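Thanks for coming. I will put the sequence and the model up first, and then go through a few parts of it in turn.

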Amino acid sequence: MADNTTTSTTVRSVERALDILLCFAKSPRELSLSEIAREVGLHKSTAHRLLLSLQAKGFVRKQAGSDKYILGWSILELLGNVYLSDELTTLALPEMTKLRDITGETVSLYIRSGIERIRIQAVESNEPIRNVAAIGQTYPLYIGASGKVLLAFADEAVVDEVFLRECLPQDFSRTELLQQLDKIRSDGYAMSIQERDLGASAIAAPVFGRNHECIASLSISGPVSRFTVEKMNQCVDVLCTSAAWLTKMLSH
């Protein structure tokens, strides 16, 4: 019979190691042992032991000439396999490129991870002034067109978790957000103007999988000076058509 105490300790160590890796998703810079320990709420000795294990497997490494840590090359190896095997990103790229060519703006694909969203694919606008899209960047669900689409079509428990765990602005209105989510479900798309990034606007539509769950949000974004409300309204149909096509392909 397995030792439950040993199993619990092992699982906790794995969770803590993953929390350390997620520190680097929140900060693009190198991190010191003290910063990592503080971020994940661990004693420095525990954090150091876990970092040694991650370093041995190539998931973190010491920055040259410094005591600070950065992500290791094993992360890139995993990422490469994700892109090679991911049906969604492979299938979506040609459609996203077509959508970019039609609208002239940046097209992005997001998935939900817990109470955050992650940009997993992007085709940038060819305009000199554009909304730059960083693959792998995480953002909150409660703000921005793409986040609200993912939240609108998620389980109620996810919405509750956002309000429990997120450090929401003091003037944030739960009632207003819930009304917005109802409208998104009714309309089939979301629109945002300077919600997450100053000077940027976006529209997004849901992509559904085989079990009718929302697995991604497809978005078009650009500077407010060019991607105006009028232009966003003009792009809604083509966006929803692309999202529906991806849904159809993924449902087969």
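Leaving aside its neighbours within four places in sequence, which residues is Ala-216 in contact with? The list is Leu-88, Leu-109, Tyr-110, Ile-111, Leu-150, Ala-205, Pro-206 and Val-207. Keep in mind that this is a predicted model. Ala-216 sits in strand S8, which covers residues 214-223. Its relative accessibility is 0%, so Ala-216 counts as buried. For a sense of distance, take Leu-50: its C-alpha atom is separated from that of Ala-216 by 33 Å, and the two residues are 166 residues apart along the chain.

Now the chain as a whole. There are 252 residues, and 39% of them are buried. DSSP-style elements come to 9 helices and 8 strands. Along the principal axes, the C-alpha atoms fill a box of roughly 55 × 40 × 40 Å. Of the contacts in the chain with a separation of 6 or more, 55% are between residues 24 or more positions apart.

Next, helix H2, residues 33-40. Which of its residues are buried? They are Leu-33, Ile-36, Ala-37 and Val-40. Seen down the axis of H2, these buried residues fall within an arc of 95 degrees, so they line one face of the helix. The spacing is what you would expect from the textbook: an α-helix has 3.6 residues a turn, so residues three or four places apart point the same way. Just after H2 comes Gly-41, with a positive phi of about 75 degrees.

H2 packs against helix H3, residues 44-56, at an angle of about 105 degrees, and the two axes are 9 Å apart. Angles of 65 to 115 degrees count as roughly perpendicular, so that is the label for H2 against H3. What does each helix bring to this contact? From H2 there are Leu-33, Ser-34, Ile-36 and Ala-37, and from H3 there are Lys-44, Ala-47, His-48 and Leu-51. By type, the residues of this contact divide into 5 nonpolar, 2 polar and 1 charged. Three of those names came up a moment ago: Leu-33, Ile-36 and Ala-37 are also among the buried residues of H2.

Last, the aromatics. How many aromatic pairs does the structure hold? There are 4, and I will describe two of them.

One is Phe-153 with Phe-208, at 5.4 Å centre to centre and with 85 degrees between the planes, which makes the pair edge-to-face. Phe-153 is in the loop between helix H6 (145-152) and helix H7 (156-165), while Phe-208 belongs to strand S7 (residues 200-208), so this pair ties together parts that are 55 residues apart in sequence. Both rings belong to partly exposed residues: Phe-153 has a relative accessible area of 24%, and Phe-208 is at 22%.

The other is Phe-163 with Phe-172. Their ring centres are 6.2 Å apart and the planes are at 55 degrees, so this pair is tilted. Is each partner buried or partly exposed? Phe-163 is buried, at 18% relative accessible area, whereas Phe-172 is partly exposed, at 27%. The cut-off for buried is under 20%, so Phe-163 falls inside it at 18%. Phe-163 and Phe-172 also belong to one aromatic cluster together with Tyr-142.

That is what I have. Questions are welcome.

Conventions:
Residues numbered from 1 in each chain as written. Predicted model: local features only at pLDDT ≥ 70, side-chain atom pairs only at ≥ 80, totals over all residues. Heavy atoms only, no water. Buried < 20%, exposed > 50% of the residue type's maximum accessible area, 1.4 Å probe, protein only. Helix = DSSP H or I, 4+ residues; strand = E, 2+ residues; numbered from the N terminus. Arc of directions from axis to C-beta. Axes fitted to C-alpha atoms, helices over the stretch in contact; angles between N-to-C directions. Parallel < 35°, antiparallel > 145°, perpendicular 65-115°, else oblique. Contact = heavy atoms within 4.5 Å. Nonpolar A, V, L, I, M, F, W, Y, C, P; charged D, E, K, R; others polar. Phe/Tyr/Trp six-rings, centres within 6.5 Å; stacked < 30°, edge-to-face > 60°.
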